[in-house]
Amino acid sequence: MSSGAGMDAVSEQVQAEACERPSMEVDLACVGFGPAMGGFLTTLTREMADHPEDPAFASKVMPGMPMQVLCYERADDLAAGVSGVVTRAQGIRASFPELKAAEIPMAAELKRERVLYLLDPVGASRRSAVLRTADFFLRLGRKLWLKDDALELPWTPGLLHKRGGLVMSIGQFNQWVASQVTASGLVQIWPGTPVSEPIFTAEQGVAGLRLADQGVDKAGAPSEGYMPGMDVRAQLTVVGDGPVGAVGQALDARLGLPEGHARREWALGMKMVIELPEGSELEPGTVWHTFGYPEPEIFGFMYAHPERLVSVGIFVPSWMGDPMRTAYRYLHHYIQHPALWRYLKDGTLRSWGAKSLEESGRHGEPFLVGDGFARIGEGSGSTNMLTGSGVDEAWATGTQLGEAVIELLRAGRPFTRENLANTYEKRRRASWVERGAREAEKARNGFHGGVVRGLVGMALAGLSGGRVGVGGQIPPAHQQIKASWSRLKIKNGAVLAVADGRPLHDALMTACGWPEIEFDGRLLVSHQDALLMGGKVQAMPGFADHVIFRDRSLCFACEEQTCVAMCSGQAITRGVDGLPAFEREKCVYCGACLWNCAQSPDGERGNIDFRAGAGGLHSVQN
Ligand SMILES: Cc1cc2nc3c(=O)[nH]c(=O)nc-3n(C[C@H](O)[C@H](O)[C@H](O)COP(=O)(O)OP(=O)(O)OC[C@H]3O[C@@H](n4cnc5c(N)ncnc54)[C@H](O)[C@@H]3O)c2cc1C
Ligand code: SF4
Ligand code: SF4
């Protein structure tokens, strides 16, 4: 058999035919190991361990053995999340009633929450006339109510409060959960194993999962060591692959979304974990929510962990409009705002990461169940954008499915759409997750008409329990990118500036009036250096590229090239021909390119296909 990239089409076909797709049967097949799957597997394996003789938990595919439960995670580490977490931990504490923060590395009991409006200390932020006027009057009383160019709200709005909650690192939390679940010996979790798609039945049900092919070239054609991805057949497939997972996307593409639902609201969360200098006075468990800077649309956070560590980050939303969504540089300006810098200055960058958030909530909820499958977590629309909370909700939906599966197994009833609806979906609808989702459903519509309108809409929804809100149509994500000619001119100037090898994001921000970042090699480091420190970016060889430009002619005509400006790892760059080029080795797998494309071949989705892939940036501290 021939091998290598030079293989011709005929030998490719011969090799593909010679390697038959392997297949195996398990009882439950799961995709993705985030908080949602943590909740599911914790609930299920506890019950299995407490009742080892219960025939309900006997395997149907391996007689005499306990139920075979397999979970596949694409990242090569089970601690690969990216999220600073402040959470009420309602669902998490229900699973661990005796939980003490000290049991989980980097976790702290929530002590104090502050909300700050940040003024623009450098004069580059794009502020509307209304905001400029407000800032002007605020500055008049600088000595009375401003400190470090920030106004602290005298109270934390109830909707943001996480009283009695926890501050955590998602990487550490996932690892803590995984170690308990795997110690039971009742579930196998396979990291570094991307799932490419669900196996559909003729009746639109799901019969299991197909793992990604290995030993293929970038385009997916068989190459050296070709190994077709295994088909893992199961009675129930649990889908918890987060906001941009390939399995969730395939289900949405095949089944569509319920009437009136759409997934059009997104944000990129980018964060750093910073070690504070000796003698720092920031108490562990302190939480800051900020708004107003570096752009009015960008919300930020700072959470203090034990041992002088903080998570600091920003959210760049799809409704920002501007095609220049250069999160990495924005994050640098954010941490240098005087209100934060007084704590962070002289700190050391420990790790860094980025990840998309699906912000449509209940409005983007897909079909939660079908014959042979159930969806949990953020990909199932559980994230609450009124309270800014996703981890606890994801966890709770996982536990609800765990309880439902136990009930069905004990009753000897199959995993049909109807049975899953009457057990899992019913529990979810009756729970606090659903109540919160309904309150939050329209809370953010106003942002599509501007920041002030958006904040008013959120406040109204929060005060009225979701009954009152601000109306507004939400266009598809590509239409939310509003190119203004002046901004495009700036972009074109910046493109010329990168001829010297500068990354586009740097040139863009400088061209927009932002001061240069003075790198210090410790906290303020270049994008490329950040990829090398505090974590690992790995692109395992042998997998196909997971970022695909669907229609190159659209890229050719595209002026905005938001995909380049937004790319968290500089993995998408402007190629020599002016078209975007993708470099898998730099991709941090944030998923932002999925919704940061200015064009659409079909009127709804952007011009980028974001598929299952290995690698990404992993740090246990994120
Ligand atoms: C910067 C940032 C800050 C945040 N701050 C907070 C906060 O303070 N409080 C809060 O509650 N929430 C916060 N969130 C949101 C929170 O992180 C998410 O809501 C939560 O992680 C969702 O959990 P999940 O299990 O549904 O999905 P995820 O955590 O996304 O887990 C899904 C898993 O599936 C895997 N996967 C995806 N595709 C495949 C595939 N094809 N094959 C195999 N595996 C796959 C992924 O690698 C991932 O590990 C924040 C998010 C970000 C990005
Ligand atoms: S992927 Fe989208 S944003 Fe990027 S160049 Fe192509 S059409 Fe433009
Ligand atoms: S190419 Fe990778 S790093 Fe860049 S936006 Fe897409 S997923 Fe994120």
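User: How do the residues of the shell around ligand 3 divide into nonpolar, polar and charged?

Analyst: Keep in mind that this is a predicted model. In it, 14 residues surround ligand 3, with C567, G569, C587, C590 and C593 as the closest. Sorted by class, the residues of this shell are 11 nonpolar, three polar and no charged.

User: Which residues are the closest to ligand 2?

Analyst: The shell around ligand 2 has nine nonpolar, five polar and one charged residues. Helices α17 (552-557) and α18 (562-566) each supply at least two residues of that shell. Out of the 15 residues that surround ligand 2, the closest are C555, C558, C563, C597 and Q599.

User: Let's turn to ligand 1. How many residues surround ligand 1?

Analyst: A good place to start is with the closest residues, which are G32, G34, G242, G377 and G390. Counting the whole shell, the number of residues that surround ligand 1 is 43.

User: Which element gives the largest share of the shell around ligand 1?

Analyst: Start with the residues that surround ligand 1, whose closest members include G32 and G390. The elements that give two or more residues to this shell are α2 (35-50), β4 (84-87), α7 (246-255), β16 (266-275), β20 (348-358) and α10 (391-411). The largest share is four residues, and they come from β4.

User: From which domains does the shell around ligand 1 draw at least three residues each?

Analyst: By class, this shell has 21 nonpolar, 15 polar and seven charged residues. The protein chain is divided into domain 1 (9-83 + 172-262 + 363-439), domain 2 (108-153 + 264-358), domain 3 (442-474) and domain 4 (479-618). The shell draws at least three residues from each of domain 1 and domain 2.

User: Which element gives the largest share of the side of domain 1 that touches domain 4?

Analyst: The C-alpha centres of domain 1 and domain 4 lie 30 Å apart. Their contact takes 20 residues from domain 1 and 15 residues from domain 4. On the domain 1 side, the elements that give two or more residues are β10 (195-200) and β12 (214-216). The largest share there is three residues, from β12.

User: Now for some helix packing. Are α2 and α6 roughly parallel or roughly antiparallel to each other?

Analyst: The axes of α2 and helix α6 (residues 170-183) are 10 Å apart, and the two helices pack at an angle of about 25°. An angle under 35 degrees counts as roughly parallel. α2 and α6 are therefore roughly parallel.

User: Is the crossing of α2 and α6 left-handed or right-handed?

Analyst: These helices pack at an angle of about 25°. In their contact, G38, L41, T42 and T45 of α2 meet N174, V177, Q180 and V181 of α6. The residues of this contact divide into three nonpolar, five polar and no charged. As for handedness, the crossing of α2 and α6 is left-handed.

User: How does the contact of α2 with α10 divide by class?

Analyst: The axes of α2 and α10 come within 6 Å and cross at roughly 35°, and the crossing is right-handed. Residues making the contact include P35, A36 and M37 of α2, along with V391, A394 and W395 of α10. By class, the contact has 12 nonpolar, seven polar and two charged residues.

User: At what angle do α10 and α11 pack?

Analyst: In this pair, residues of α10 including T397, Q400 and L401 meet residues of α11, among them N419, L420 and T423. α10 passes α11 in a right-handed crossing. With the axes of α10 and helix α11 (residues 417-429) 9 Å apart, the packing angle is about 145°.

User: Which residues does a cis peptide bond join?

Analyst: Most peptide bonds are trans, so a cis one catches the eye. The cis bond here has an omega of about 10°. One of its partners, P294, is in the loop between β17 (286-291) and β18 (299-304). The residues joined by this cis bond are Y293 and P294.

User: Which residue has a positive phi although it is not a glycine?

Analyst: Most residues other than glycine have a negative phi. The residue in question has a phi of about 70°. Found in the loop between α3 (90-95) and β5 (108-109), this residue is M106.

Conventions
Residues numbered from 1 in each chain as written. Chains lettered and ligands numbered in written order. Predicted model: local features only at pLDDT ≥ 70, side-chain atom pairs only at ≥ 80, totals over all residues. Near = placed C-beta within 6 Å. Nonpolar A, V, L, I, M, F, W, Y, C, P; charged D, E, K, R; others polar. Domains from an automatic or database assignment. Axes fitted to C-alpha atoms, helices over the stretch in contact; angles between N-to-C directions. Parallel < 35°, antiparallel > 145°, perpendicular 65-115°, else oblique. Left-handed = near helix turned anticlockwise from the far one by under 90°. Contact = placed C-beta atoms within 7 Å.
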